[in-house]
Amino acid sequence: MNSVHDMGGMQGFGAIPREDDHAFHAEWERRIAAILACTAFNGLSLFDENRRAAEAMRPADYLAMPYFGRWLHMIETLLVEKGMATPAEIAAGH
């Protein structure tokens, strides 16, 4: 599939900045990584499901969202699909 998520070899996006200091820039990013690990450990999100959720994002939304924001979108999408949360609960921050 050729989507915005699969940008390997695409031109025009410029160099990828490398940061050697740490993986997380804010506490919320660390929390999203932990939530994704928990959902994976409990079988609520599989690697291929996460990729499908990312590939289904509108390209403009994908490019405007930070890296861990995309992870949050994948988690929310899968929790709604699997009946673990409703869109209203997610919008309310529950």
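This report describes the fold, the core and the packing around helix H2 in a predicted model.

**Overall fold**

The protein has five helices and zero strands. Along the sequence, the pattern reads α-α-α-α-α. The chain holds 94 residues, and 26% of them count as buried. Consider contacts with a separation of 6 or more: residues 24 or more positions apart account for 63% of them.

**The nonpolar core**

The largest nonpolar core has 11 residues. Its members are Ile32, Ala33, Leu36, Ala53, Ala54, Phe68, Trp71, Met74, Ile75, Leu79 and Ala85. Three helices each give two or more residues to this core: H1 (27-41), H2 (47-55) and H4 (67-81). H4 supplies the largest share, five residues.

**Helix H2 and its cover**

Which residues of H2 are buried? They are Glu49, Asn50, Ala53, Ala54 and Glu55. The cover over these buried residues includes H1, helix H3 (59-64) and H4.

**H2 against H4**

H2 and H4 pack with their axes 9 Å apart, at an angle of about 105°. That angle falls in the range of 65 to 115 degrees, so the two helices are roughly perpendicular to each other. On the H2 side, the contact is made by Glu49, Asn50, Arg52, Ala53 and Ala54. On the H4 side, the partners are His73, Met74, Thr77, Leu78 and Glu81. By class, this contact has four nonpolar, three polar and three charged residues.

**Residues in and before H2**

The table lists relative accessibility for four residues.

| Residue | Place | Relative accessibility | Class |
|---|---|---|---|
| Asn50 | helix H2 | 10% | buried |
| Glu55 | helix H2 | 16% | buried |
| Leu78 | helix H4 | 2% | buried |
| Leu46 | loop between H1 and H2 | 42% | partly exposed |

Start with Asn50, which sits in H2. Why does Asn50 count as buried? Its relative accessible area is 10%, and buried means under 20%. Setting aside neighbours within four places in sequence, Asn50 is in contact with Leu36, Ser45, Met74 and Leu78.

Leu78 lies across the interface, in H4. Leu78 counts as buried because its relative accessibility is 2%, under the 20% cut-off. Not counting residues up to four places away in sequence, Leu78 touches Leu44, Ser45, Glu49, Asn50 and Arg52. Ser45 therefore appears in the contact lists of Asn50 and Leu78, with 4.5 Å as the limit for heavy atoms. How far apart are the C-alpha atoms of Leu78 and Ala53? They are separated by 7.4 Å, although the two residues are 25 residues apart along the chain.

Glu55 belongs to H2 as well. Is Glu55 buried or exposed? Glu55 counts as buried, at 16% relative accessibility. Its side chain is joined to that of Arg51 by a polar contact of 2.8 Å.

Leu46 sits in the loop between H1 and H2. At 42% relative accessibility, Leu46 counts as partly exposed, because that class runs between the 20% and 50% limits. Leu46 and Leu36 are 10 residues apart along the chain, and their C-alpha atoms are separated by 9.7 Å. Leu36 is also one of the core residues and one of the contacts of Asn50.

Technical notes: Residues numbered from 1 in each chain as written. Predicted model: local features only at pLDDT ≥ 70, side-chain atom pairs only at ≥ 80, totals over all residues. Heavy atoms only, no water. Core = buried A, V, L, I, M, F, W, Y, C linked by side-chain atoms within 4.5 Å. Buried < 20%, exposed > 50% of the residue type's maximum accessible area, 1.4 Å probe, protein only. Helix = DSSP H or I, 4+ residues; strand = E, 2+ residues; numbered from the N terminus. Axes fitted to C-alpha atoms, helices over the stretch in contact; angles between N-to-C directions. Parallel < 35°, antiparallel > 145°, perpendicular 65-115°, else oblique. Nonpolar A, V, L, I, M, F, W, Y, C, P; charged D, E, K, R; others polar. Polar contact = N/O pair within 3.5 Å; in protein donor to acceptor, adjacent residues only side chain to side chain.
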